[in-house]
Amino acid sequence: MKFLHIEDSTYDLHRQWAMRLTERMGKEYMRIDADMLTATADADGFSQWLQDEGVDLIFISAECNKRIIQRFLNACRSLRIPYVFLTDSMRKMPVLAEQETALHQILAPVTMLEEEVYKSEILGHLSRYTGAQITLLQAKDYGHRAQHNAGKIRTFLAHQELPVEIVMAKKDSLSVYKEVPSRMRDLTPDMVVLTASREYGLDDLFFGPAERYVILHSIVPVMLVNPRGDLFSLCD
């Protein structure tokens, strides 16, 4: 199986880091230009090509520009595999590229939505192969769903004897993703793992989805996992 690197802009540090993580995960590294996205007729055609090629994960190197990032977000919305954004503003990349392992600390915010639990498996894979510590940033809600979701993820990881801790966020489920960039100094992650928006609301259409905000303001790679189609929850 393969990890695919899509390069809209060429950065040697991005390539070095992606190749190191690919090797650590025991996969084959494959690289293409971003034009491949426009070469396929639609998102379904791209998804089918990825399946035919046996791709398990995508790296996307791109400029830190909201229109460019949104173009890739739109292209990846139907994917069933994780995808990682690497932008030119990720200032921690030189340090990460020089490390023996690409990951030491992974930050994953957890909201009240039940699809958050779907991140458990990919967090487990990343931690198992790299030895990374998982920090769950639990949204500060009045209800119990965020706490329940964080607890389920922690239980899943703890059963595999993987290092995991829960940290309480300052903001609720509606805003916790936008808290992530400001917590990078004290939580020191090497990667952030987010659940992508299922649907775009009016605020997302006008101001952009929360995951785009994190990508544009992050100093480390940002991985997105799309919600499963059989899960649907809008409110607590």
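# Why these terms apply: strands, burial, a pocket and confidence

Colleague: How many bridges join strand 1 (residues 2–7) to strand 3, and what makes two strands a pair?

Modeller: Strand 1 (residues 2–7) and strand 3 run parallel and are joined by 6 bridges; since strands pair if DSSP finds at least two bridges between them, these two count as a pair. One of the bridges matches lysine 2 with valine 55 in strand 3. Strands here are DSSP runs of E with at least two residues, helices are runs of H or I with at least four, and both are numbered from the N terminus.

Colleague: What kind of model is this, and which residues enter each kind of value?

Modeller: The model is predicted, and local features need pLDDT of at least 70, side-chain atom pairs count only at pLDDT 80 or more, while totals for chains, interfaces and linings use all residues. Residues are numbered from 1 along each chain as its sequence is written, and side-chain values use heavy atoms, with hydrogens and water left out.

Colleague: How do you know that strand 3 and strand 4 belong together?

Modeller: The two strands run parallel with 5 bridges between them, which satisfies the requirement for a pair. Phenylalanine 59 stands opposite valine 84 in strand 4, and isoleucine 58 stands opposite tyrosine 83 in strand 4.

Colleague: Why is strand 4 called largely enclosed?

Modeller: A residue is buried under 20% relative accessible area, exposed over 50% and partly exposed in between, with a 1.4 Å probe and protein chains only. In strand 4 (residues 83–87), 5 of the 5 residues are buried, so the strand is largely enclosed by the rest of the structure. Tyr83, Phe85 and Thr87 point one way and Val84 and Leu86 the other way, and all are buried. Strand 3 is likewise described as largely enclosed, because 7 of its 8 residues are buried.

Colleague: Why is leucine 162 called buried, and why is glutamate 161 put in another class?

Modeller: Leucine 162 has 11% relative accessibility and therefore counts as buried, whereas glutamate 161, with a relative accessible area of 73%, is exposed. Leucine 162 is placed in the loop between helix 7 (145–159) and strand 7 (164–168), and glutamate 161 is found in the loop between helix 7 and strand 7 too. Glutamate 161 also has a positive phi of about 55° although it is not a glycine.

Colleague: Which residues is leucine 162 in contact with, leaving aside its neighbours within four places in sequence?

Modeller: Contact means heavy atoms within 4.5 Å, and with those neighbours left aside leucine 162 is in contact with Gly124, Ser127, Arg128 and Leu157. Leucine 162 and serine 127 are 35 residues apart along the chain, yet their C-alpha atoms are separated by 6.7 Å. Ser127 is one of the buried residues of helix 6, which include Ile122, Leu123 and Gly124. Among the elements that cover the buried residues of helix 6 are helix 1 (12–24), helix 7 and strand 6 (133–138).

Colleague: Why does histidine 125 fall in the middle class?

Modeller: Histidine 125 lies in helix 6, and at 31% relative accessibility it counts as partly exposed.

Colleague: What makes a space in the model a pocket, and what is the volume of the second largest one?

Modeller: On a 1 Å grid over the protein atoms alone, using a 1.4 Å probe, a pocket is an open set of points with protein on both sides within 12 Å along at least five of seven lines, and a lining residue has an atom within 4 Å of a point. The second largest pocket has a volume of about 410 Å³, where volume means the space filled by probe spheres set on the points, which are joined across faces, edges and corners. Its lining has 16 residues, and Asp56, Pro82, Glu121, Ile122 and His125 lie nearest its centre. Strand 3 (55–62) and helix 6 (120–130) are the elements that give two or more residues to this lining, and the largest share, 4 residues, comes from helix 6.

Colleague: How confident is the prediction?

Modeller: The predictor's confidence in each residue is pLDDT, from 0 to 100; the protein has a mean of 86, and 86% of its residues reach 70 or more. Confidence is highest in strand 6, at 98, and lowest in helix 10 (residues 202–207), at a mean of 49. Over residues 230–236 pLDDT stays under 50. Where pLDDT is low, the predicted coordinates should not be read in detail.
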